[in-house]
Amino acid sequence: MAKLLSCVLGPRLYKIYRERDSERAPASVPETPTAVTAPHSSSWASVFWSISYYSSPFAFFYLYRKGYLSLSKVVPFSHYAGTLLLLLAGVACLRGIGRWTNPQYRQFITILEATHRNQSSENKRQLANYNFDFRSWPVDFHWEEPSSRKESRGGPSRRGVALLRPEPLHRGTADTLLNRVKKLPCQITSYLVAHTLGRRMLYPGSVYLLQKALMPVLLQGQARLVEECNGRRAKLLACDGNEIDTMFVDRRGTAEPQGQKLGVPFPQNEANAMDVVVQFAIHRLGFQPQDIIIYAWSIGGFTATWAAMSYPDVSAMILDASFDDLVPLALKVMPDSWRGLVTRTVRQHLNLNNAEQLCRYQGPVLLIRRTKDEIITTTVPEDIMSNRGNDLLLKLLQHRYPRVMAEEGLRVVRQWLEASSQLEEASIYSRWEVEEDWCLSVLRSYQAEHGPDFPWSVGEDMSADGRRQLALFLARKHLHNFEATHCTPLPAQNFQMPWHL
């Protein structure tokens with residue numbers, strides 16, 4: 001009877017993976033990935049619940065206008081709702097009986113319960129053969145697990161890791177009670193916009209219906225990583241209570257996280273998640289920070305730059321199709337009359353300040369700009385100068401080499417960024433007769449005399465011609481073009497290590 005109840009309340013089992021080590025394979029595990037449960041009524045019920053949740057304000061408004069919310073109308077409706085709940089309970093029991101009669105599911109639930117009682121290496125090895133609802137996966141790593149976290153007062157609290165806070169929109173304004181009261185309606189509006197429309201526009205993967213639509217692709221990708229790349233799945237618990245679904249692939253020194261986060265996504269939550277991932281890599285997988293290279297694509301640039309800022313010893317960082325700041329991209333898709341509201345909402349609740357965080361990192365950086373990017377351009381994909389990757393490069397170079405990126409250097413780098421082809425880029429590069437050996441010698445001499453920490457004052461006593469050469473040389477070393485749209489997978493040959501002296 002207890003096993004039947006476990007089957008009724010147990011998680012949905014998606015796949016049984018092909019065994020990677022045939023000598024240790026359980027006899028009942030098939031040689032090919034097997035789908036144990038097909039889409040069923042509970043899955044459809046969750047879809048309908050999601051649709052009902054998002055449409056409920058409109059439904060209540062309609063019912064109120066039609067007079068259906070009176071007591072005489074609500075009582076019969078409650079009877080229908082109770083009948084529906086009984087039907088759903090009956091369906092759940094039938095599903096449980098079906099699972100109970102399935103020997104594969106009974107073996108799975110036995111292994112899952114044993115792992116929750118005792119997370120031995122053998123139990124976890126057997127559980128890794130199954131792909132199931134991640135909410136039931138046992139926690140593999142806790143954010144407080146490293147002993148240094150328990151002893152340190154400077155680490156993250158349950159409220160989250162430290163983020164850079166935006167400057168006030170109106171400097172010099174006295175923060176009196178009257179001013180706070182005046183700002184309250186705007187702050188409430190910003191909060192509501194951020195927690196409804198804004199969050200779902202910024203993180204569309206958090207929308208349940210989209211998650212359901214992409215689930216087959218995600219399951220296929222997880223199966224490939226587990227079976228072909230010997231991927232290791234783990235659940236990490238962040239300091240805010242969110243559960244991080246990760247997949248780590250050992251590629252001789254690389255931990256590659258894949259998966260999703262169970263919880264509400266906001267910049268604070270994303271940084272909390274990144275923190276526990278890095279801690280897991282250091283304290284459980286055995287990587288030293290100087291052995292870690294961070295690669296991030298698109299919106300992942302925020303968590304990548306946060307990690308580089310917070311763990312300054314990481315070896316290098318590669319940002320692919322990323323941007324400098326969210327505000328210009330948010331203004332692009334919203335009405336112009338909402339400019340003040342959009343700016344305030346982003347700064348207070350959705351502040352993806354990638355460039356500001358990147359400038360706090362001292363290590364090697366490579367930016368990959370996609371020349372046909374339709375997402376991070378503020379006009380059209382063909383207008384390459386509206387690509388916010390340009391602004392990310394300029395802010396980085398202006399921070400690290402402020403004397404080089406003075407008026408002449410800034411102007412020539414903008415010309416180089418505006419080039420629409422490799423031939424035009426090379427033409428600009430050769431027009432200013434950039435001598436790479438000379439540039440390298442200047443930079444190495446400065447580093448030997450003043451040390452590696454940025455910002456550098458190199459170029460202070462240099463001619464305008466020399467500053468142009470150095471500016472072009474540095475721009476070319478820090479940014480590579482990839483002729484593709486935003487979501488095109490990056491080919492292996494385009495993945496290169498960042499340049500460093």
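Two strands are taken to pair if DSSP finds at least two bridges between them. In the predicted model described here, β8 and β9 satisfy this criterion, pairing in the parallel sense over five bridges, and within this pairing Tyr295 stands opposite Ile318 in β9. The connection between the two strands passes from β8 through helix α10, which comprises residues 301-310, and on to β9, forming a β-α-β crossover that is right-handed. The two faces of β8, which spans residues 293-297, are distinguished by their covering: Ile294 and Ala296 make up the covered face, whereas Ile293, Tyr295 and Trp297 make up the uncovered one. Tyr295, the residue opposite Ile318, thus belongs to the uncovered face of β8.

Backbone geometry in the loops was examined next. In the loop that follows β9 (316-320) and precedes α11 (326-333) lies Ala321, a residue with a positive phi of about 55° although it is not a glycine. Ala321 is buried, its relative accessible area being 1%. A positive phi, here of about 50°, is also found at Glu433, again not a glycine, and this residue is placed in the loop between α16 (422-431) and α17. Glu433 is exposed, with a relative accessible area of 59%; because exposed denotes a relative accessible area over 50%, the value of 59% places Glu433 in that class.

A further backbone feature is the cis peptide bond that joins Phe454 and Pro455, for which omega is about 5°. Pro455 is situated in the loop that links α17 (436-450) to α18 (464-478).

Helix α18, at the far end of that loop, was considered with respect to both its length and its surroundings. At 1.5 Å a residue, the 15 residues of α18 should span 21 Å, and the end C-alpha atoms are indeed 21 Å apart, so the expected span and the computed distance agree. The helix is mostly covered, with 11 of its 15 residues buried. These buried residues include the charged-named positions Arg467 and Arg468 as listed, together with Gly466, Gln469, Leu470, Ala471, Leu472, Phe473, Leu474, Ala475 and His478. The elements that cover the buried residues of α18 include the strands β10 (365-370) and β11 (479-482), as well as the helices α14 (388-400), α15 (407-418), α16 and α17. Among these covering elements, α16 and α17 are also the helices that flank the loop containing Glu433, while α17 and α18 themselves bound the loop in which Pro455 is found.

Notes: Residues numbered from 1 in each chain as written. Predicted model: local features only at pLDDT ≥ 70, side-chain atom pairs only at ≥ 80, totals over all residues. Heavy atoms only, no water. Helix = DSSP H or I, 4+ residues; strand = E, 2+ residues; numbered from the N terminus. Buried < 20%, exposed > 50% of the residue type's maximum accessible area, 1.4 Å probe, protein only. Right-handed = clockwise from strand over helix to strand, strands pointing away. Expected span 1.5 Å × (residues − 1). Contact = heavy atoms within 4.5 Å.
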